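Please walk through this chain from its annotated regions down to single residues, keeping the model open alongside the text.

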Amino acid sequence: MLKMAIMGAGSIANKMAATITKMNDVEAYAIAARDAGRAAAFAEKYGFAKSYGSYEEMLKDPEVQLVYIATPHSHHYKCTKMCLEAGKHVLCEKAFTVNAEQAKEILKQAEDKKLLLTEAIWTRYMPSRNIINKLIADGTIGEVTSLTANLGYELSEVKRIWDTQLAGGALLDVGVYLVNFASMVFGKDLEHVQSEAVFKNGVDMIDNINMIFAGGKTASMQCNVHAVQNRQGTIFGTKGYIEITNINNPEKIKVFNDQYEEVLCCTPPEQITGYEYEVEACCKAIEEGRLECPEMPHKETIRVMEIMDEMRRSWGYEIPTMK
């Protein structure tokens, strides 16, 4: 059984802990936070075997095999480097790093050390992705020509979202899902990206993203961290369209024909939280001696980071980085 540790004890760490404690092939082994008391309370709540008051202390534990990084975006690069230097496999929460330069450096480090490193962009690992891919491949809605999508939450109370030093803003937190959504439908042959951002407190609050892929296929999307959006995704084809309820964790996938009649409704299988699929992928990759998960190859992580870098360049905005 793979012994897994979590670095960081915030809300997303709690969700991962609630997931792995219900999995059969993973042991919820260790939690590390900057506050020993907080780590101890977390360990007691979820039944972790060990708790540590510093990341460095946890990484000295020889029993730790896989580390899930649940720190703010600004710390992903540094925390991943620490884990790799300690000889640990890593599942790093999205957005993978602050920029593509950081991503390339740590991915090379992982490859040099023969360690698994993958991005925890959960939508890439979910069974729902295969359902959508099959509907498109089977020609259910004919030739796919375009898509629309939105993803937004009212996150005024989440302090890291509004902190430039923690790489806050909409793009790295929710916009990354939109870029991945479009890429999962249309692939990697991207020809043009145009985006605009509305800023508040120095971070992007609302982002409008338009992408054009090979063959004139288009994606029109919006992300928001200051309003509740319906999280809807719609894929349009010459014979109908597919509606996805909650692109972040699909709940229903409906197919409509060219007469706007619902002809099919798919419901993804029951899940613990949805995080289990990325953990299962890590376990399988480690067991097989792989350095990346096929669901989210290293090249794809870099490509997505480069797209988001280009968006910010067009806004004249650069996220502060920490080494």
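Helices, of at least four residues, and strands, of at least two, are DSSP runs numbered from the N terminus, and the loop between strand S10 (217-224) and strand S11 (232-237) is where Arg231 is found. The model is a predicted one, and in it Arg231 has a phi near 60°, a positive value in a residue other than glycine. Most residues other than glycine have a negative phi, and most peptide bonds are trans. Partly exposed covers the range between under 20% and over 50% relative accessible area, and Arg231 is therefore partly exposed, with a relative accessible area of 24%.

Arg231 can be placed within a wider annotated stretch, since an unreviewed UniProt entry carries the annotation "domain: GFO/IDH/MocA-like oxidoreductase" for residues 133-243. Over residues 133-243 the chain is 20% helix and 44% strand, with the end C-alpha atoms 13 Å apart. The annotation "domain: Gfo/Idh/MocA-like oxidoreductase N-terminal", also from an unreviewed UniProt entry, covers residues 3-118, and this span is 42% helix and 22% strand, with its end C-alpha atoms 17 Å apart.

Within residues 3-118, Ala33 lies in the loop between strand S2 (26-32) and helix H2 (36-46). Its relative accessibility is 4%, so Ala33 counts as buried. Leaving aside residues up to four places away in sequence, Ala33 touches Ala9, Ala39, Tyr52, Gly53, Ser54 and Tyr55; of these, Tyr52 is 19 residues from Ala33 along the chain, and the C-alpha atoms of the two are separated by 6.5 Å.

Further along, the axes of helix H4 (residues 76-85) and helix H5 (residues 100-112) come within 10 Å and cross at roughly 10°. Because angles under 35 degrees count as roughly parallel, H4 is roughly parallel to H5. Tyr77, Thr80, Lys81, Leu84 and Glu85 in H4 meet Gln102, Glu105, Ile106, Gln109 and Ala110 in H5, and the residues of this contact divide into four nonpolar, three polar and three charged. Glu85, which lies in H4, is nevertheless exposed, with a relative accessible area of 52%. Not counting residues up to four places away in sequence, Glu85 touches Gln109 and Lys113, whereas the C-alpha atoms of Glu85 and Ile302, 217 residues apart along the chain, are separated by 21 Å.

The surroundings of H5 also carry an annotation, as the unreviewed UniProt entry gives "coiled-coil region" for residues 93-120. In the model this span is 46% helix and 18% strand, and its end C-alpha atoms lie 5 Å apart. Ala95 lies in the loop between strand S5 (89-93) and H5, and a cis peptide bond, with omega about -20°, joins Lys94 and Ala95. Lys114 lies in the loop between H5 and strand S6 (117-120); its phi is near 60°, a positive value in a residue other than glycine, and Lys114 is exposed, with a relative accessible area of 59%.

Helix H8 (residues 276-287) offers a check on geometry: at 1.5 Å a residue, its twelve residues should span 16 Å, and the end C-alpha atoms are 16 Å apart, which agrees. The buried residues of H8 are Glu276, Tyr277, Glu278, Val279, Ala281, Cys282, Cys283 and Ala285. Just after H8, Gly289 takes a positive phi of about 75°.

Terms used:
Residues are numbered from 1 along each chain as its sequence is written. This is a predicted model: local features need pLDDT of at least 70, side-chain atom pairs count only at pLDDT 80 or more; totals for chains, interfaces and linings use all residues. Side-chain values use heavy atoms; hydrogens and water are left out. UniProt positions are given in the numbering used here, feature names are shortened, and annotations may be inferred rather than shown by experiment. The expected span of a helix is 1.5 Å times one less than its number of residues. Buried means under 20% relative accessible area, exposed over 50%, partly exposed in between (1.4 Å probe, protein chains only). Axes are lines fitted to C-alpha atoms, for helices over the stretch in contact, and angles run from 0 to 180 degrees between N-to-C directions. Angles under 35 degrees count as roughly parallel, over 145 as roughly antiparallel, 65 to 115 as roughly perpendicular and the rest as oblique. Contact means heavy atoms within 4.5 Å. Ala, Val, Leu, Ile, Met, Phe, Trp, Tyr, Cys and Pro count as nonpolar, Asp, Glu, Lys and Arg as charged, and the others, Gly among them, as polar.
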